[in-house]
Amino acid sequence: MTDKVMTPDEVAGRIRSGMTVGIGGWGSRRKPMALVRALLRSGVTDLTVVSYGGPDVGLLAAAGRIRRLVAPFVTLDSIPLEPRFRAARESGALELTELDEAMFMWGLHAAANRLPFLPVRAGLGSDVMRVNPELRTVRSPYADGEEFVAVPALRMDAALVHLNRADRFGNGQYLGPDPYFDDLFCEAADSAYVSCEAIVDTAELTRAAAPQTLLVSRHAVTGVVETPNGAHFTSCEPDYGRDEPFQKLYASTPWPEFSARFLSGASEEDYQSAVQAWHKEQQ
């Protein structure tokens, strides 16, 4: 088996401007933030981002790296609307394809199964059809003759996800309450990169947790990155919860000030050190 261990910056170096990049997690929960920060340190731009959006979208939007966003929402959970995304959207800085949550999920399923689309009932009779005039409907070829939305596959050049643990070969495990469709992101992309709290021996993945927690299989993974606290400031249960004080700081601080203090370093270690210094100041 191939050792797939990489660094965050090596992953970012695989992403090219103009690519379609999927980002796993959900809102402000278990986002691959260390990999997103690595993208910010790179020169990549003009991205199409596919995400159940949270601060991953907010950071990339504020930095001007997103050309088009495909998402059902962009939220910080405890803060309902992601403020950096809102500012970018209101200024017209990015294009938006907004899908119903179920439509988005079935778009991932279609891409993971290499299908051009999947028929779904979600979206019929709603404004999602009005704001996405390119969407089409199909009619069942069987006796029922029912009409469905033909949700196009959400194919991606690359996917970024964060899990609790992984081995060196790309098998990834979540230990929290929800898989957040991270497996579909990996399977729907041409390449997939898994960051994790810890890289462990393969046998360790099955010792302390149920087999169904082995969410991501190595066949769908291109690279593995060990990034302790790598989902910060989003949650990564049960390892840690959301850093609510820091999230409030992120949401309320002018972008130039926030990025200069926390995102101008040369590495993920610089970011983590800046966060620790800020927390000490609050004591």
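In this predicted model, the charged end of Arg37 sits over the ring of Tyr271, at 3.7 Å from the ring centre. A second arrangement of this kind involves Arg84, which lies over the face of Tyr250, 4.9 Å from the centre of that ring.

Both tyrosines belong to one aromatic cluster, whose other members are Phe233, Phe246, Trp255, Phe258, Phe262 and Trp278. Within the cluster, Phe246 touches Phe233, Phe258, Phe262, Tyr271 and Trp278, among others; its contacts also include His232, Val275 and His279, with residues up to four places away in sequence not counted.

The structure holds 16 aromatic pairs. A pair of aromatic rings is described by the distance between the centres and the angle between the planes. For Trp26 and Tyr52 the ring centres are 4.5 Å apart and the planes are at 25 degrees, so this pair is stacked. Trp26 is in the loop between β1 (20-23) and α2, while Tyr52 is in the loop between β2 (47-51) and α3 (55-62); the pair thus links distant parts of the chain, 26 residues apart. Trp26 and Tyr52 are both buried.

Phe246 and Trp278 give the other geometry: their ring centres are 5.8 Å apart with planes at 80 degrees, so the pair is edge-to-face. Because Phe246 lies in helix α8 (residues 244-252) and Trp278 in helix α10 (residues 268-281), the pair ties together parts that are 32 residues apart in sequence. Phe246 and Trp278 are also both buried.

Phe246 appears again in the largest nonpolar core, which has 44 residues; Phe246, Leu59, Leu69 and Phe262 are those with the most contacts inside this core. Helix α2 (residues 33-41) supplies the largest share of the core, 6 residues. Another core, of 39 residues, lies apart from this one and includes Val70, Ala111, Leu135 and Tyr174.

Arg84, already met over Tyr250, leads to helix α4 (residues 83-90), where the buried residues are Arg84, Phe85 and Ala88. Seen down the axis of α4, these buried residues fall within an arc of 100 degrees, so they line one face of the helix. Among the elements that cover them are α3, β3 (66-71), β4 (95-98), α8 and α9 (255-262). At the start of α4, a side-chain oxygen of Glu82 reaches to within 2.7 Å of the backbone nitrogen of Arg84. Just after the helix, Gly92 takes a positive phi of about 75 degrees.

Methods:
Residues are numbered from 1 along each chain as its sequence is written. This is a predicted model: local features need pLDDT of at least 70, side-chain atom pairs count only at pLDDT 80 or more; totals for chains, interfaces and linings use all residues. Side-chain values use heavy atoms; hydrogens and water are left out. A nonpolar core is a set of buried Ala, Val, Leu, Ile, Met, Phe, Trp, Tyr and Cys residues joined through side-chain atoms within 4.5 Å. Buried means under 20% relative accessible area, exposed over 50%, partly exposed in between (1.4 Å probe, protein chains only). Helices (H or I, at least four residues) and strands (E, at least two) are DSSP runs, numbered from the N terminus. Contact means heavy atoms within 4.5 Å. Rings of Phe, Tyr and Trp (its six-membered ring) pair if their centres lie within 6.5 Å; planes under 30 degrees apart count as stacked, over 60 as edge-to-face and the rest as tilted. A charge sits over a ring if NZ of Lys or CZ of Arg is within 6 Å of the ring centre and within 35 degrees of the ring normal. The arc is that of the directions from the helix axis to the C-beta atoms. A polar contact is a pair of N or O atoms within 3.5 Å; within protein, one must be able to donate a hydrogen and the other to accept it, and residues adjacent in sequence count only if both atoms are side-chain atoms.
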